[in-house]
Every structure is written in structure tokens, then in C-alpha cells.
Amino acid sequence: MRRRSPATPLTDHMEKGTTKSQHSRLVVLGLLCVFFWGFLLYFHFVVIGGRSFHDYSEQINPISSDSRVSESIRVNRPIDTSTTNNNHEDNNDHEEEVENRNNKDSVVAEPKKAQPDPVIEPKTDDFVKPQPDPVMEQKTDDFVKPQSDPVMEQRTDDFVKPRSDPVTEQGTAEFSKPKEFPFMKALRTVENTSDPCGGRYVYVHDLPSRFNEDMLKQCRSLSKWTNMCKFTTNAGLGPPLENTEGVFSEKGWYATNQFAVDVIFSNRMKQYECLTEDSSLAAAIFVPFYAGFDIARYLWGYNISMRDAASLDLVDWLQKRPEWEIMGGKDHFLVAGRITWDFRRLSEEETDWGNKLLFLPAAKNMSMLVVESSPWNANDFAIPYPTYFHPSNDAEVFAWQDRMMGLDRKWLFCFAGAPRPDNPKSIRGQIIDQCRSSKVGKLLECDLGESKCHSPSSIMQMFQSSVFCLQPQGDSYTRRSAFDSMLAGCIPVFFHPGSAYTQYTWHLPKNYTKYSVFIPEDDLRKKGISLEERLGQIPAEQVKAMREEVIKMIPRLIYADPRSKLDSHKDAFDVSVQAIINKVTRLRKDVMEGRTNDDFIEELSWKYALLDEGEYVGVHEWDPFFSKPKPNDGKVESDGSSAEAAKNSWKNEQRDHS
């Protein structure tokens with residue numbers, strides 16, 4: 001029998017064992033690889049990726065942990081998981097399996113930590129991306145470390161710390177600190193209760209003499225028909241009046257020309273108690289330009305270049321001054337003793353009347369005081385014509401008022417003036433006819449040549465003996481006679497609101513019925529009413545009250561002697577200066593408080609001074625008196641007719657009361 005070799009079974013056994021051991025090792029190595037890669041993927045995507053995501057979430061919305069989960073859901077909800085790569089899903093599933101196995105096989109149990117919602121984790125990984133992405137990492141770093149990107153740093157700082165924005169800081173500072181204006185120093189003078197001039201200071205420009213005094217040296221050239229040299233004496237008051245008939249009081253009466261306000265006002269300003277050489281304290285700035293005398297020299301026989309020369313020269317001089325820069329001239333004012341139409345030439349045609357001073361852009365900022373203003377423009381203001389009475393103290397005023405109260409007035413009404421046959425709209429013809437035919441009416445008819453109308457004594461004597469003084473329009477809206485009559489205690493009767501009511505709003509009561517009677521022109525022109533009947537129907541008590549009001553107003557309507565000053569009365573000069581100061585002060589306060597007057601309609605300027613506080617411009621009973629005809633309606637344009645009236649007034653200048 002042949003024996004089996006012993007090596008054979010061993011070899012077989014070894015081959016079988018070797019095969020079995022190799023298979024086990026492969027399984028173990030495979031499991032180790034799976035565990036290693038699973039752990040590595042878990043550490044990378046869950047631990048590191050989750051921390052970056054939560055850091056980012058905290059940077060954007062630093063709220064509680066529960067809220068962070070909700071915020072993560074809100075942020076990742078828009079991602080469409082249906083479009084996610086399948087390999088990502090397999091990796092995530094495998095990562096969860098390895099994580100669960102590790103937790104189960106752990107020997108030392110760790111405290112349970114709040115784990116991200118397994119439903120959210122894949123969405124988080126999708127947002128972060130499983131592979132390192134340098135672009136995404138850079139963006140994450142930008143949010144975590146804003147200093148790495150200067151542009152992003154500025155935006156992050158702006159969002160987190162607004163204080164770092166210099167523009168914001170500047171705006172906040174400007175808002176919290178009141179803005180300083182160049183005129184603040186002047187406004188603060190009002191707060192000094194120990195200063196009687198606080199808020200009332202006036203600065204006077206030191207103009208070259210060609211704008212004022214040189215004109216007086218050439219006084220013969222100031223009027224075509226009148227030698228103005230005698231009327232510029234006595235500080236502009238003219239020669240003293242003789243009181244041979246006892247009509248005047250003993251002192252204070254002068255033969256004053258009706259167009260002499262330029263020099264009277266300027267000399268009166270020299271006595272103003274609150275003058276200052278520091279323009280920063282000034283509530284207003286006076287320009288002593290003799291505008292009325294200037295235009296009087298060149299109205300007849302001179303071209304427009306000569307008529308405009310001094311006005312253009314003045315504006316050029318003023319605009320170079322530092323005082324002008326403070327408000328662009330809106331705190332400046334000047335005086336012209338003529339009607340506004342002499343300074344409102346409508347075109348550059350040589351045949352047009354006057355100069356264009358009040359149409360110059362710079363002059364539109366200034367205030368110009370004239371004896372008659374325009375109803376349709378806002379840069380001129382009416383002040384009274386000068387009368388013959390210029391008291392130097394209060395006693396002279398009181399004595400005159402007492403005398404006017406005690407007079408016996410035998411005439412119901414009177415009129416001093418000449419007819420206007422060339423003007424079909426004039427009602428002077430009807431007034432003259434009624435004065436002639438009435439037993440209680442007195443007429444002082446004025447005409448060319450010698451006339452009692454040229455005698456101040458005759459005029460004042462008639463006014464003093466009359467209850468009512470008729471004051472129709474002259475060549476323009478206004479006339480000096482209205483102020484002479486009120487000086488005599490005579491109640492004025494006006495036929496057009498532009499003759500007084502819309503003109504002298506600084507000096508006359510707003511309620512015109514307190515001191516005057518208004519009879520519309522059409523009542524005479526179309527209705528033919530009787531003046532004697534209308535005036536005779538006014539009760540005696542009402543007449544007495546009106547006369548008392550007129551006499552009480554006298555100080556406000558006269559110009560005191562420029563070489564002196566009244567103590568207890570405000571004269572026409574004082575009232576005018578205070579009105580200008582009030583106007584400038586209101587304007588400055590509006591500028592400080594950012595108020596604008598965008599709704600102002602310049603063509604309705606005449607209405608604004610008639611309004612009470614809080615009232616708005618609307619329909620007014622006097623609208624028909626100030627309606628401006630359109631150029632194409634076949635009528636003469638209003639400004640043009642006013643300029644023609646101004647031209648006619650020059651032709652009749654020698655009629656002091658025409």
C-alpha cells in the first residue's frame with residue numbers, strides 16, 4: 001500500500017487558511033477606509049462647514065440659537081434640492097451612517113449637544129458646497145474679517161457704526177447747531193434791554209458826492225419850469241412862510257416844494273438817534289441817493305443813456321460794497337421825492353418816459369420810498385408828500401392840533417384844483433360844477449398863470465374853513481393836497497382807493513372809514529350823485545369823530561424840521577424808517593427759519609398791505625380799480641397810461657395844488 005504524503009494535507013489547509021485570512025483582511029481594510037473617509041468627510045463638512053455657516057449667520061443676524069435655526073431655514077428655503085447632484089446625496093447619506101455608527105460604538109458617552117436638523121444639513125452643505133472653493137472662502141472671510149476688503153470694510157462699518165461716516169457726522173452737527181447768518185449780530189441787539197437802539201440801528205452809506213450834494217450845487221437844472229435853488233435851502237424845507245393873514249402858527253412853516261423829500265429825508269436821517277458806523281449792527285441800510293432830483297435833470301430833452309447813467313453808476317457802486325453781500329441789497333432802502341412812474345420806463349425806446357431804476361435787478365432787491373407807489377410792483381412804498389408845516393418840538397404840534405379842533409368850519413365841502421379836459425375819465429369837471437352850484441361848497445380854481453392855488457395861505461385858509469375836502473385823482477393817483485387838507489383838520493373825500501388807501505398803508509389807518517369818506521368815481525361819472533346830499537347825510541357825531549381822528553394823525557403825516565427832532569411824537573420820517581426796519585427784520589427771520597413766500601403774486605401787491613394777520617389774497621371789492629388791461633384788448637396798457645400821467649404832471653408842476 002502506498003502511503004499518502006503528509007505535506008499534501010498541510011498545503012491544502014494552508015491554502016484554505018490563507019485564502020480565508022486574506023479575505024478577512026480585505027474586509028477589515030475596507031471597513032477602515034470607509035470609516036476613515038466617512039470621519040474625514042464628517043469632520044470637514046459638518047464640523048468645519050457648519051461652524052462657518054453659523055458664524056456667518058451670527059454675523060448677519062445675531063439672535064438666539066433657536067432663532068438661528070429658523071433663520072437658517074429661511075435663508076436656505078429658496079434652494080431647489082431637486083437639482084442637487086446625486087453624488088452629493090450619496091455622500092450625505094453615507095456621512096450620516098458613519099456618524100450614527102461612531103456615536104453607537106463610543107465607549108465614553110459625551111454630553112448631548114444640540115445637533116443641526118438633519119433635514120437642514122444637506123441644504124447647508126449645498127449652500128456651502130462640499131469642496132473648498134477659494135471664491136466662496138474669500139467671501140466668507142470678507143464677512144468674518146471685514147478688514148481684508150477695504151470696500152467691504154467701509155460698507156460694514158457704515159452699517160454697524162454710522163458714526164464713522166464723516167458726512168453723517170457733519171449733517172448731524174449742522175442739524176444740532178443753529179446756522180449762523182451774517183445778520184445775526186444785528187438781530188441780537190434786540191436782546192440787549194439796556195440799549196434803547198437795540199434792533200433799530202441804521203447804517204448810512206458814504207456815497208460819493210455826485211450822487212447827492214453835487215446835484216444841489218446845480219439846483220437850477222433840477223426842474224424845467226421851477227427854480228429849485230430856493231426850495232433846497234433850510235435843509236430842503238425852502239424859505240419860511242410869512243404869516244400876514246394869521247393862517248399859520250408863528251413857527252415851523254415853510255414854502256416847501258412837493259418834490260423835495262429827497263433832501264428832507266436825508267437831512268432828517270443825519271439826526272436819527274440810532275445811527276451806527278458798524279454795518280453788522282444795522283437793522284437797515286440807507287442809501288442817500290437823490291433819485292428824484294437825478295431824474296428831474298434829464299426827463300426833458302435827454303436820451304435814455306443820460307437818464308439811466310446815475311442809476312447804473314449807483315448800482316455798480318453798491319454791489320462792490322461788503323454791506324451789499326450780506327443780503328444782496330434786500331436790507332437797503334433809498335428815497336425819491338417823485339412818483340414811481342418816473343422810474344419805470346417800460347422799454348429802451350427814446351420816446352418812453354423816465355429811467356429804469358426800479359426795473360434794474362439790483363434795485364428790485366432794495367426798497368424805494370416814493371410819494372406814489374405802483375399797485376402792481378413790490379419794490380416801492382409810498383410815503384407822504386411834504387406839507388408846509390415842519391415843527392421843531394412837540395409844543396408846536398400840540399398847539400396846532402388844539403387850534404384845528406376849535407375852528408368854526410362854514411363850508412360843507414371844498415375843492416382846490418384845475419379841470420382835466422384832455423382826460424375823458426376825469427371827474428374833476430363834475431366836481432367843479434357841483435362846487436360852483438352849491439351854497440355849501442367852496443371852490444379854489446387853479447389855472448395857468450397867477451392863481452390863489454399858488455398861495456399856501458389861500459389854500460390852508462380854505463381847508464381850515466371846510467368840513468370835507470374833495471380829493472379826486474390828479475394826473476396820477478395821488479396829490480399833495482390830500483396831506484395839506486388833513487393838516488388843516490379837514491376830512492378827505494377820496495374817489496379812487498389808489499389815491500390814499502392802497503398807498504400810505506404805513507401812515508394811515510387800515511380802516512379808512514375812521515378818517516375819510518369814499519365815493520367811487522362811477523357814482524359821479526355814471527350816476528350823477530349829489531355831493532352835497534351824500535356828505536350832508538353823515539351824522540354830526542360821526543363827523544366829529546372823523547375830524548378828531550384826522551387831527552390825531554397829523555404828527556404821522558408831517559416831516560419835522562430836519563435840524564431837530566420831536567420827543568413824544570413819531571413823524572412821517574420815524575414811521576417810514578420803523579416800517580423799513582420791520583420789513584427787513586421779518587425777511588431775516590424768514591431766512592433763518594427757512595420760510596419762503598412762493599405764493600406771492602407781485603401784480604397783486606396792492607392787496608397785501610390791506611390784509612389782516614392770517615388772511616390770504618382773494619377777491620377784493622377794489623379789484624375793478626386796479627385791473628390791468630391786456631395789450632391786445634384795444635386799450636392803453638396801465639403802466640403806459642401811468643407814465644403818460646407822470647409826463648402830464650410835469651407839465652402842470654407849477655400848479656402846486658392841481
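Here are some friendly notes on the parallel sheet and the cysteines of this predicted model.

1. **Ground rules.** Because the model is predicted, local features are taken at pLDDT of at least 70 and side-chain atom pairs at pLDDT 80 or more, while totals for chains, interfaces and linings use all residues. Residues are numbered from 1 along each chain as its sequence is written, and side-chain values use heavy atoms, with hydrogens and water left out.

2. **The sheet.** Five strands make up an open sheet with parallel pairing, in the order 7-6-8-9-10. At its edges are strand 7 (441–445) and strand 10 (517–518), each of which pairs on one side only. Helices (H or I, at least four residues) and strands (E, at least two) are DSSP runs, numbered from the N terminus, and two strands pair if DSSP finds at least two bridges between them.

3. **Strands 6 and 7.** Strand 6 covers residues 411–417 and pairs with strand 7 in the parallel sense, over five bridges. If you want a place to look, Gly 417 stands opposite Glu 445 in strand 7.

4. **Helices on the sheet.** Helix 16 (residues 428–437) lies across strand 6, strand 7 and strand 8 (466–471), and runs at about 135 degrees to strand 6. Helix 21 (residues 540–557) also packs on the sheet, where it touches strand 8, strand 9 (491–494) and strand 10. The direction of helix 21 makes about 100 degrees with that of strand 9. Contact here means heavy atoms within 4.5 Å; axes are lines fitted to C-alpha atoms, for helices over the stretch in contact, and angles run from 0 to 180 degrees between N-to-C directions.

5. **Cys 197 and Cys 274.** The structure has three disulfides, each a pair of cysteine sulfur atoms within 2.5 Å. In one of them, the sulfur atoms of Cys 197 and Cys 274 are 2.1 Å apart, and the link is left-handed, with -80 degrees about the S-S bond. Cys 197 sits in the loop between helix 8 (184–188) and strand 1 (202–204), and Cys 274 in the loop between helix 10 (261–269) and strand 2 (284–286), so the disulfide ties together parts that are 77 residues apart in sequence. Cys 197 is buried at 10% relative accessibility, and Cys 274 is buried at 0%; buried means under 20% relative accessible area, exposed over 50%, and partly exposed in between, with a 1.4 Å probe and protein chains only.

6. **Cys 219 and Cys 229.** Here the sulfur atoms are 1.9 Å apart, and 90 degrees about the S-S bond makes the link of Cys 219 and Cys 229 right-handed. Both cysteines lie in the loop between helix 9 (213–217) and helix 10, so the pair ties together parts that are 10 residues apart in sequence. Cys 219 and Cys 229 are both buried.

7. **Cys 469 and Cys 490.** This disulfide has an S to S distance of 2.1 Å and is right-handed, with 115 degrees about the S-S bond. Cys 469 belongs to strand 8, while Cys 490 lies in the loop between helix 18 (481–487) and strand 9, 21 residues apart. Cys 469 and Cys 490 are both buried.

8. **Cysteines without a partner.** Cys 414 is in no disulfide, and its nearest cysteine sulfur, that of Cys 469, is 3.7 Å away. Cys 414 is buried at 1% relative accessibility. For Cys 435, the closest cysteine sulfur is in Cys 414 at 7.5 Å, too far for a bond. Cys 435 is buried too, with a relative accessible area of 3%.
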